[in-house]
Each structure stands twice: as C-alpha cells, then as structure tokens.
Number of protein chains: 2
Amino acid sequence: MSIKQQRRGTGSATISDVARLAGFSPMTVSRVINGGGNVKESTRDAINAAIKELNYSPNPAARSLAGVEPIRIGLLYSNPSAAYLSEVLVGSLDRASRIDVQLVVARCEPPENYREAAEHLLERGVHGLILTSPLCDLQEVVDVVTEGDQPVVALAGGKPSDDLITINVDDFEAAHAMTKHLIGLGHRRIGFIIGSPIQAASGRRLEGYRAALAEAGIPADEKLIEQGHFTYRSGLAAADKLMDLAVPPTAVFASNDDMAAAVVAVAHRRGLDVPNDLTVCGFDDTAFASSIWPELTTIRQPIAEMARTAVDMLTDEILAHRAGKSLPREHRIAAFELIKRQSDAPPKNSR
Amino acid sequence: MSIKQQRRGTGSATISDVARLAGFSPMTVSRVINGGGNVKESTRDAINAAIKELNYSPNPAARSLAGVEPIRIGLLYSNPSAAYLSEVLVGSLDRASRIDVQLVVARCEPPENYREAAEHLLERGVHGLILTSPLCDLQEVVDVVTEGDQPVVALAGGKPSDDLITINVDDFEAAHAMTKHLIGLGHRRIGFIIGSPIQAASGRRLEGYRAALAEAGIPADEKLIEQGHFTYRSGLAAADKLMDLAVPPTAVFASNDDMAAAVVAVAHRRGLDVPNDLTVCGFDDTAFASSIWPELTTIRQPIAEMARTAVDMLTDEILAHRAGKSLPREHRIAAFELIKRQSDAPPKNSR
DNA sequence: TTGAAAGCGCTAACAC
DNA sequence: GTGTTAGCGCTTTCAA
C-alpha cells in the first residue's frame, strides 16, 4: 500500500518543497528561515505562508552538515538543590537536544570561582548563558557574565533588567495565593519564614504574604515573621522561635519546601500533629514536598518548563544576534500552581 | 597561521581520509564501520587500523542525512522518585544526544497500563527499551517487554537473566560495606529496615547486612530487622517499632534515604540527638540525604552514569542486531560509594 | 569482495 | 533582492 520513495527521504517537506510552493529558490527560503537580511517583505510573507502550509521545519542534520556553526549554550549552576538542578537539567537538555543546540554545563561556587567558571564557558565558545537560581541574584556574577555581549537568561531568579532576560513565576502572586488559601481555611495567626535575603524572590514572597493578610484585614504581627536561608537547618531554628511564641501560629508558610519540612519536623518533635495542630505549607514543590509525611501543600514552579523556555529564548536571541538584529530583553512570567496536599487544614479552634 | 579550509569542514577526519590512508574506497570503510558482511579479513584490519590512526569517528549528521534509520530507545519509568528519575533522565538524555540516539520517554503505572505503555513505545518504533527501577522488578512488566525480540536493559534493579541486560551496583557489597562501617564505629545493636519486598535489591541489601554482622561475630537479632516499603511513611512505622524495643538499637541502617529520613524524624520526635544518641544511615544518596539535618551518611549509586551505560549497551545491542549478530546479555556492575556525612557516630556508651 | 555514482537537505560563496 | 553552483560526510543502489 505504501509507495516506496524514490530512494529514501523521510517524507517530510524539504526546503525545496517550500521553495517550489512559494515560487522562489531554496536559497531564498533559507534566508527567510535564518532571519537573513535582504528579502523583500512580500517574498518573506509568501515563503512563511508556504512554510506554514507544508508544516515545514528544517532538518538539523542537513543543516549541521552544511556547516552552520552550531549554537552552544552555557548553563551555570551552583549549590545544587538536587531536585531543582535536575529539573533544570531535564528541561534544558530535553529542549536543547530537540532543537539541536549544544549545552555546556558548568558548576560554579561563588565567591571563589564564578569569574573563572564564566570565563571558562566563554572560552569554550558558548554564545549565550543560562544562570540558575542562586547565581542570578549575585550581582558580581551577573556583572561578570553580562560583560561580554552574549545574551544571558536568569532562570527563576534575578531582577528584570536591561542586561538580563528573566523567567520567573510571579512570586508575589504565588505567596499571595497561598496566604489567601490559608486565610480561607480559617487561619488568622499565620507564621512566615522568609527565604534567603540575597535572593530577590524572598522579598517578593514576603510582600505577597503581607498583601494577602492586609486584604483580609488581619493586622500584621512582626513576631510571626522569621528570617530563614532556604536551608532545612535555618527552617529548624525559625520554626522553634515561632512555636515558642506566647501565642504560636496555627499555620506556618515557609518560603521553600526545605524549610517547611523542617517546620514539620519541629512540630512533630513537640508532639504536634500536622495538619491538625499545625498547618505547614512550602514553596517550590521539590521532591521533598511529596516525600515526607504528611506531604506538603506547596507552590509549584514549572522549573523544567521554564528551563525549556530559557533555551528557546536564548536560542532566538543568539540567532537574532547572528543575523545582526537585536531583540529587546524579555521578562517572561510562568504560571505557578498551588498544589494542595495533606499538610494543611482549618485551625483547631475554628468553627 | 591557520590555513583556511577550502570551504568549510570541521577539520576532523572523514571517511575519505580513512579510505585513502587504508587504500580502499569510502564505501568499503562504510561497510566496516557498520559491521556489514562481505569484507575481507585483511581489508577490515587495514581499515580498522586507519580508523584508529586517524582517530576517526563518523559524523552523525551526515549519517542521518544519508538516510540510515535512526536508533530509537524507549525509556519506561514509573513512580518517579523525582531525584532518581531525573538522574536517570540526565544521564540517558546526555548520552543519547551525544551519540545521536533518539530517546522516547514514557510513564507507566502498573498494574493499570504497563502493557499499553510498552506497546505504545514499540509502536512508536523503538528498537530497544530501558526499564527503570521499580519496573524491572515486576515480572509481568518484564515479561511484556521481553516478548518481542528487542533488547531490554534493566537499570538499577531486576534479576540478571538471559532476557535482560542489567546494570546494578552490588547491593550486597554496598550494604555489607555500610554495616561494616557501623560496626567499625563500635555499634553492636544495628537496626535494619528492609526495602520493598517486590524489589530484588531489598533482599540483597539485607543479606549484605547479615553477612557483615556474622563476620564480626555479632549474633543476629531478628527483632532489629523491620520490613519497610521504601517510603517515608513505612520508615516512620519501622523506626517506631525499633525504638520501642526493650533494648533499642544504637544505629539504624535503612535500605533507602526516604526511610532513613523518617528514622531521623522519629528520633527527633523522641528527643534523641542524631548522631549522638542514634546513628542513622541510608542508601541511594538522593536529594533527601543532603537536604535534611543532619545530612545522611549513605550509599551512592552512580545513577546518571549507569543510565549513560544503559544507553551505550542498548545501542551496541541494537547495532549488533541490525548487523545480524547477537551479543550475549551482559550484566554490568557499577561501583557504589559510601558517602560519609553527619548522621553517624560511635555509640554513646562505647569507649 | 569492492567500487562508482548519485543524492540525502541544507547553506556559503559568488554571481546577476 | 534573488538565483546558481557546489559541496558538507555519509550511505544506498547498482555494477563490476
């Protein structure tokens, strides 16, 4: 039933098919695809239409064989919260391999070697850089990587600026949503553990919490707010302080899962049941959140998806750069999700 | 100083270079590379020598352009312990993209849909399958995937057999090493939490523990051995039983990190310090191990590396299969590592 | 058992 | 602005 192709060929549309349909030469199609200059507006449109109609996409093998310089992207990470890092890797590796982009991964531990690490990557000829979480918040690191003219994207962190493409969830909105959820459950004394002060997201999460409280007409009580550092250990300390309060909170919202897990541990140590005696919520939905018991209600950032987006955006920038154009630095917002699990309940004395 | 290549070209050796050096045509070289039949022994040797001398390796882009059927590997996973899964993905994606192998990933949740999931992959035209951890231990799943004649590799799990290529650490040796480490610290009453009974590794770990005890002349006490299921929750229950013993253990060795983390939680809840009042060790070195406090002493399986190996072995098999040869099913052992962190110490009353 | 020719899909170089 | 030509490195087909 299947007609054998003349020789081989995958069956999908080629650049010549597009050229024929649009009434131009393959070369012109190639120019359009690669954002090359010097193509008449009308020609470009016709070709784009043909591309769409044929659902054409260039064959990467042919492309690389024809000698285009491959796109290389550097990924700089540090302090690997294993779960976060691997989501980043999964997402970016996946997309990179799909669109045939080389990914060079390097670890960098500021303050020691961030300069070297960045320079090392640049020497390896990367055309753009992805900066992962704690790194995008270190001004020195950002300064170093934005020195050259390669585009840089900050993944889940960093302040939107003219130097940086950023991809974030709306931390304010997310913390706001979680706090509102807690208020909806009936909580009035809601403890909050702030994240590491060096990360911009920490402040935004705190503001979201404050705003939700204010909107509900709940007076702010500064004693309910403790500083943490995104580590389990800092969560332990903060939780202890919170639970030692004369009137302890009925719920604690920690700025990440590690600290939330620590709150659960402290509660248990004190003979408190979670969630019946204390509601605990986290942020990030790392492996932690669903491995401990009870499983944590938390905010999920689509890290893998964001990493994919990062690769895409960076690739677009690099291509634009090669074609001599320049795109404005974009600041993308990804959708968060409130994941309700078993660590939250109405406060005990509510009715 | 650099002489511009005539037009482009990467500079590395091509099939023609090899052909010229060996004194044959590119075609014959191609045959040798692809394991094709009909090449004289002496010719083959000469060409192989030339390949080696030039350090030649075929250009995958050219290859795929020339229309060889791409190698497609299916990866079947379930019950994603996020950390484990992403290590698997990172390793396999990385290697697959490097050697230009397509990886098709599918989730499968037995007992519902393992048959469909496997068949779905096969329909997508995969030439071989990787089975990740809990799956390789389910006989029904193994039966289904080995029905056809595609090669299957079991990654970190499964019983070595004629149907399956397996890649494992030596669970017996690893558990043995950890137990010995604990004994070396001075512990005599060492609790053990067994992993899920459906996974073959659980039994091997238990045996390793037993053997080390026996070697040290420590009489086995069955009360110190509790059944778990690799979940945090089962670890909680097992730890409670262990700590309720008239003479509780001074150390607990859990068959994975999740359960070890649960032991730490129970200890803390009971006012016990880890490691000073109780030593706790895990297995796997997942994110958990280094996120909680104290960080867990544990056994590390080089999952990502093992995944890379899996892709390589499968690819070799598929290539051999295509060339009409058949390799014996290999059973590879990867090296584990005992990661010493802060959750172990000599027993209190030792001196 | 080996080789020659042609072509996979694309783009760089150079016309026009 | 657009087209022509040639060739990237490999494999298939077919002939010797």
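**Why the labels fit: two chains, asked and answered**

Biologist: What makes B:Asp240 partly exposed?

Modeller: Its relative accessible area is 28%. Buried stops under 20% and exposed starts over 50%, so 28% lands in the band in between and B:Asp240 gets the middle label. Bear in mind that this is a predicted model.

Biologist: How do you know that B:Asp240 and B:Arg270 form a salt bridge?

Modeller: Their closest N and O atoms are 2.9 Å apart. The cut-off is within 4 Å, so the Asp–Arg pair passes. The bridge links distant parts of the chain: B:Asp240 is in helix α11 (residues 232-244) of chain B, B:Arg270 is in the loop between α12 and β9 of that chain, and 30 residues lie from one to the other in sequence.

Biologist: And what makes B:Arg270 partly exposed?

Modeller: The value is 35%, and since that is neither under 20% nor over 50%, the label follows.

Biologist: Over in chain A, which residues do shared salt-bridge partners join into one network?

Modeller: A:Asp171, A:Arg204, A:Arg205 and A:Asp284. One link in chain A is the pair A:Arg204 and A:Asp171, at 3.2 Å from N to O. That is within 4 Å, so it counts as a salt bridge. A:Arg204 belongs to helix α10 (residues 200-215) of chain A and A:Asp171 to helix α9 (residues 171-185) of chain A, so the bridge ties together parts 33 residues apart in sequence.

Biologist: Why do A:Arg204 and A:Asp171 get the burial labels they have?

Modeller: A:Asp171 has a relative accessible area of 2%; that is under 20%, so it is buried. A:Arg204 comes out at 25%, which is past the 20% limit but not over 50%, so it is partly exposed.

Biologist: What makes A:Asp312 and A:Arg95 a salt bridge?

Modeller: The closest N and O atoms are 3.0 Å apart, so the pair meets the 4 Å rule. In sequence the partners are 217 residues apart, with A:Asp312 in helix α14 (residues 303-322) of chain A and A:Arg95 in helix α5 of chain A. A:Arg95 is at 17%, under the 20% line and therefore buried. A:Asp312 has 24% and is therefore partly exposed.

Biologist: How many salt bridges are there over all chains, and how many between chain A and chain B?

Modeller: The count over all chains is 40. Between chain A and chain B it is 0. One residue pair there is in polar contact, with both residues at pLDDT 80 or more.

Biologist: Which elements of chain A give two or more residues to the side that touches chain B?

Modeller: They are α4, α5, α11, α12 and α13 of chain A. The most comes from α5(A), with 8 residues. By class, that side of chain A has 15 nonpolar, 7 polar and 5 charged residues.

Biologist: How much area is buried between the two chains?

Modeller: About 2300 Å², with carbon and sulfur atoms giving 72% of it. A:Leu65, A:Arg269 and A:Trp293 supply 23% of what chain A buries against chain B, more than any other three residues.

Biologist: How do you know that the copies meet through the same surface?

Modeller: Of the interface residues of chain A, 89% are also interface residues in chain B, so the same surface is used by the copies.

Biologist: And why say they are related as by a two-fold rotation axis?

Modeller: A turn of 180° with a shift of 0.4 Å along the axis lays chain A on chain B with an RMSD of 0.4 Å. The two copies are therefore related as by a two-fold axis.

Biologist: Back inside chain A, what makes A:Leu278 buried?

Modeller: It has 0% relative accessibility, under the 20% limit, so buried it is. A:Leu278 sits in the loop between α12 and β9 of chain A. Beyond four places in sequence, its contacts include A:Met243, A:Pro249, A:Val263 and A:Ser343. A:Pro249 is 29 residues away in sequence, with a C-alpha distance of 7.8 Å.

Biologist: Last one: why is B:Thr146 called buried?

Modeller: At 18% it is under 20%, so the label holds. B:Thr146 is placed in the loop between α8 and β4 of chain B, and its side chain reaches the backbone oxygen of B:Val142 at 2.7 Å.

Note on methods. Residues are numbered from 1 along each chain as its sequence is written. Chains are lettered from A and ligands numbered from 1 in the order in which they are written. This is a predicted model: local features need pLDDT of at least 70, side-chain atom pairs count only at pLDDT 80 or more; totals for chains, interfaces and linings use all residues. Side-chain values use heavy atoms; hydrogens and water are left out. Buried area is the accessible area (1.4 Å probe) that two parts lose on being put together, summed over both. A salt bridge is a side-chain nitrogen of Lys or Arg within 4 Å of a carboxyl oxygen of Asp or Glu. A polar contact is a pair of N or O atoms within 3.5 Å; within protein, one must be able to donate a hydrogen and the other to accept it, and residues adjacent in sequence count only if both atoms are side-chain atoms. Helices (H or I, at least four residues) and strands (E, at least two) are DSSP runs, numbered from the N terminus. Ala, Val, Leu, Ile, Met, Phe, Trp, Tyr, Cys and Pro count as nonpolar, Asp, Glu, Lys and Arg as charged, and the others, Gly among them, as polar. Copies are superposed by least squares on the C-alpha atoms of residues with pLDDT of at least 70 in both. Contact means heavy atoms within 4.5 Å. Buried means under 20% relative accessible area, exposed over 50%, partly exposed in between (1.4 Å probe, protein chains only).
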